[in-house]
Amino acid sequence: MDGNLGHKVCVIGAGTMGSGIAAHFANIGLEVSLLDLTSQSVTDGFERAKRARPPHFYIPETASLVRLGTISENLDWIAEADWVCEAIVEKLDAKRDLFQHIESHLRSDAMVSTNTSGLQISLIAEGMSESFKRRFLGTHFFNPPRFLKLLELIPTDETTIVEVRRMAAFLEDHVARRVVMAKDTPGFIANRFGMWSMIHAVHTAERLQLSVEQVDAITGPFLGRPRSASFRLNDLVGLDIMADIASNLHERCVDDPYRNTLKLPRSMATLLDRAWIGEKAGQGYYRREGRELVVLDLRTLAYREKRDAAIPSVIELMSQPIGHRIGAAIELRDEVGDFLREHLIPVLRYADYLKESISHSVNDFDRVMKWGFGWEMGPFEMIDAIGGDKLGLSSTKFYQDGKVRDFQGNLERPKVETEYLAFTDYPVLDEREGFNIRDLGDGVTAICTTTKMGVFSPALLKALLEFLANFTGRLVFGSEAKAFSVGFDLGFLLEHSQAEHWDTVDAALNDLQQLSIRMGEFPSVAAVHGHCLGGGFEVALGCSAIAALAEAQIGLPESRVGLLPSGTGTARMRLLHQTSTRGLAEMAKQLTLGTVSANAGEARKLGYLSENDVIVYHPDRLISAAKKLALTVEPKPVPPWNQLEGPIGGMIDRGIEELRARGDLTEWDKAIGEQIKSVFAKATSWEDALYRERHEFNELMHHALTQARMKHMLETGKPLKN
Ligand code: NAI
């Protein structure tokens, strides 16, 4: 179902959340107005959002698309909105007053929602008209909205099912959210359970006299959670926000026998007294002092040097699959075992205690923790992995044979959500060295590379060319790894340049060029996520179109390893920008610098993506979007090589000279810029450009400075400026 709601949204409240939500809406192309009490407060709030780190916006220019106004002067913006999303202070009276004030201005078919994190939704709507109540619900976004895809949708008993469905579909289809339906209970699912477990970890650390570093070493990636683990996460969320949510939950959950865990631990209360509330105050459990991090000692409550918290059992178990290692760790007779028995077991038991009262299914519950907190496994998946009997719970599994147990004990098969399928959900037609061939259905085939970070080795290029030689049909090209591709195999290049195997290198480059060209000979789409760099990007550029996830980092950073893009990349950038000398000169600068965009929006702005390419904003819909696109695209022949108007060579020289004068380029970078110029300004045809790419590449590889750059990158993962 496609959410049939118009695209005009009015956000009320320009604080942390309102501004972040408005920024996200503008990023993804909705028409947004943002209102606050006064022009001063709306401007201040929005200016803070513009300075947010990590940035709320993909590119700063998008900020100008948000229309700023006040609640008294711009009621007409409310009147034209398809959806009014309230994110003002967390006070029941203020929210009620606001809705009463705006109700008569709302369009009769507009949706209305509150972003409250702790108030009862039905109480906010009390006293409002029937027409209002049937389309009013909670839309609980997570901070920062650009990066956290979870949205808890909380209807009241009076919200009609039609409106709930309409809103859920709109949020998934047009707002890039994963929606979980929650019940109108205190803190919904995420805060009720998530906040309790965050505070429980602090209590446990204090009781067991473990350090901040030790607990963070245990509760980060080791437990399948983000690096922010426990204490770093507290600082990021803000201890003030945690305290507000905890006290609200404590007050409202009078029948919860476990609510006393929500009372503030000693260290947290002290930090709050000192106003050291975390990241936004510059200090909390951690404080940055110059380049060093200092850490709060939980016993003395003073900062001290951060210690190395490498725990032998954590290091030893880390290589095991997550379910295994947690099951094993819980039995350990060391600080890890002690902590997990005292913390993880109660946390999982608490999830079991809460499940039916706050969620519609354990799958929903797990999804909240995975999508909102970045847990690799939700609590019920973890209970299954450890074995309920070891936790004092039932040994009956929650998940079995692709089915989920409901609260009556029956196993139900969850609905297949085709738009969210990943490559690995599709059947494998053939498995080759370095890639799988999968059937995406509807006549679309996928090639999914399986190399680490999508690296292209010469063997992989050969195998792909061989498979594609007889390929007919429609293709999606992507990767099953963490990244689309970090590029061509640098180890191979270094080895063969040191051994002076120039022909071997040239043959591999030729294969890379041929693969990129072959991609355009049938309808093909590159499905790009994570990093899409160098040789990987050159293959993507050959496809009929690129479908890139919004957060994908795209670029041609070859100069950072002393080379120029030579798998058609330089020639293709020449073609893409040949109608504008200025654009071409600018691109020569980017290639000389080796610029990689921070996201797909920036890649478009830099000129790496073309109009045919699509940015996919929903983080979980890349494959379905790529498949949809593959069904419509045509083959992409190489366009004609136009003669350039104007003094392009001189313009490139000037641009590079400016960068050199600013200290952005070394002499060796400048030499690489010369080679790029040779392809841009001197090549007389596409074929000549491809020859020049390979020839210049070869020249650069002979040089010690280039070899030093490659070696340094391989050894440190960082570029060498020499
Ligand atoms: P905030 O305090 O940063 O911002 C509130 C904004 O609302 C201020 O700019 C204030 O001037 C404005 N405001 C107050 N009364 C108003 C009125 N009558 N009309 C228009 N504007 C008015 O608050 P924050 O943190 O952005 O929270 C907003 C809502 O989002 C709250 O309900 C909160 O519970 C919820 N929330 C907050 C999260 C967070 O991490 N901060 C996360 C998820 C939800």
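This dialogue discusses the ligand site and the salt bridges of a predicted model.

Trainee: Which residues come nearest to the ligand?

Mentor: The shell around the ligand holds 20 residues, and Met-17, Asp-36, Glu-90, Lys-95 and Ser-117 come nearest.

Trainee: How do the residues of that shell divide into nonpolar, polar and charged?

Mentor: The shell has 9 nonpolar, 8 polar and 3 charged residues.

Trainee: What lies 2.7 Å from an oxygen atom of the ligand?

Mentor: A polar side-chain atom of Ser-117 lies at that distance of 2.7 Å. The side chain of Lys-95 also places an N or O atom 2.7 Å from a ligand oxygen. For Asp-36, the separation between a side-chain N or O atom and an oxygen of the ligand is 2.6 Å. As for cover, the protein buries 79% of the 830 Å² that the ligand exposes when taken alone.

Trainee: How should one read salt bridges, and how many are there in the whole structure?

Mentor: The general idea is that side chains of opposite charge can pair when their charged atoms come close. In this model, a search of the whole structure finds 44 salt bridges. One of them joins Lys-605 and Glu-61, with an N to O distance of 2.9 Å. This pair links distant parts of the chain, 544 residues apart: Lys-605 belongs to helix 25 (residues 600-606), while Glu-61 sits in the loop between helix 2 (39-50) and strand 3 (67-70).

Trainee: Are Lys-605 and Glu-61 buried or exposed?

Mentor: Lys-605 counts as partly exposed because its relative accessibility is 47%. Glu-61, at a relative accessible area of 42%, is likewise partly exposed.

Trainee: Which residue meets Glu-342 in a salt bridge?

Mentor: The partner is Arg-207, at 2.7 Å from N to O. Here helix 15 (residues 335-342), which contains Glu-342, is linked to helix 8 (residues 190-208), which contains Arg-207; the two residues are 135 residues apart. Glu-342 is partly exposed, with a relative accessible area of 33%.

Trainee: What does the salt bridge between Asp-669 and Lys-721 tie together?

Mentor: The closest N and O atoms of Asp-669 and Lys-721 are 2.9 Å apart. Asp-669 lies in helix 28 (residues 667-682) and Lys-721 in the segment after helix 30 (704-716), so the bridge ties together parts 52 residues apart in sequence. Asp-669 is buried, with a relative accessible area of 2%, whereas Lys-721 counts as exposed at 54% relative accessibility.

Trainee: Which residues are linked in a network of salt bridges?

Mentor: Such a network links Lys-149, Arg-178, Arg-367, Glu-417 and Asp-620.

Terms used
Residues are numbered from 1 along each chain as its sequence is written. This is a predicted model: local features need pLDDT of at least 70, side-chain atom pairs count only at pLDDT 80 or more; totals for chains, interfaces and linings use all residues. Side-chain values use heavy atoms; hydrogens and water are left out. A residue is near a molecule or strand if one of its heavy atoms lies within 4 Å of it. A polar contact is a pair of N or O atoms within 3.5 Å; within protein, one must be able to donate a hydrogen and the other to accept it, and residues adjacent in sequence count only if both atoms are side-chain atoms. Accessible areas come from the Shrake-Rupley method with a 1.4 Å probe; for residues, only the protein chains shown count as cover. Ala, Val, Leu, Ile, Met, Phe, Trp, Tyr, Cys and Pro count as nonpolar, Asp, Glu, Lys and Arg as charged, and the others, Gly among them, as polar. A salt bridge is a side-chain nitrogen of Lys or Arg within 4 Å of a carboxyl oxygen of Asp or Glu. Helices (H or I, at least four residues) and strands (E, at least two) are DSSP runs, numbered from the N terminus. Buried means under 20% relative accessible area, exposed over 50%, partly exposed in between (1.4 Å probe, protein chains only).
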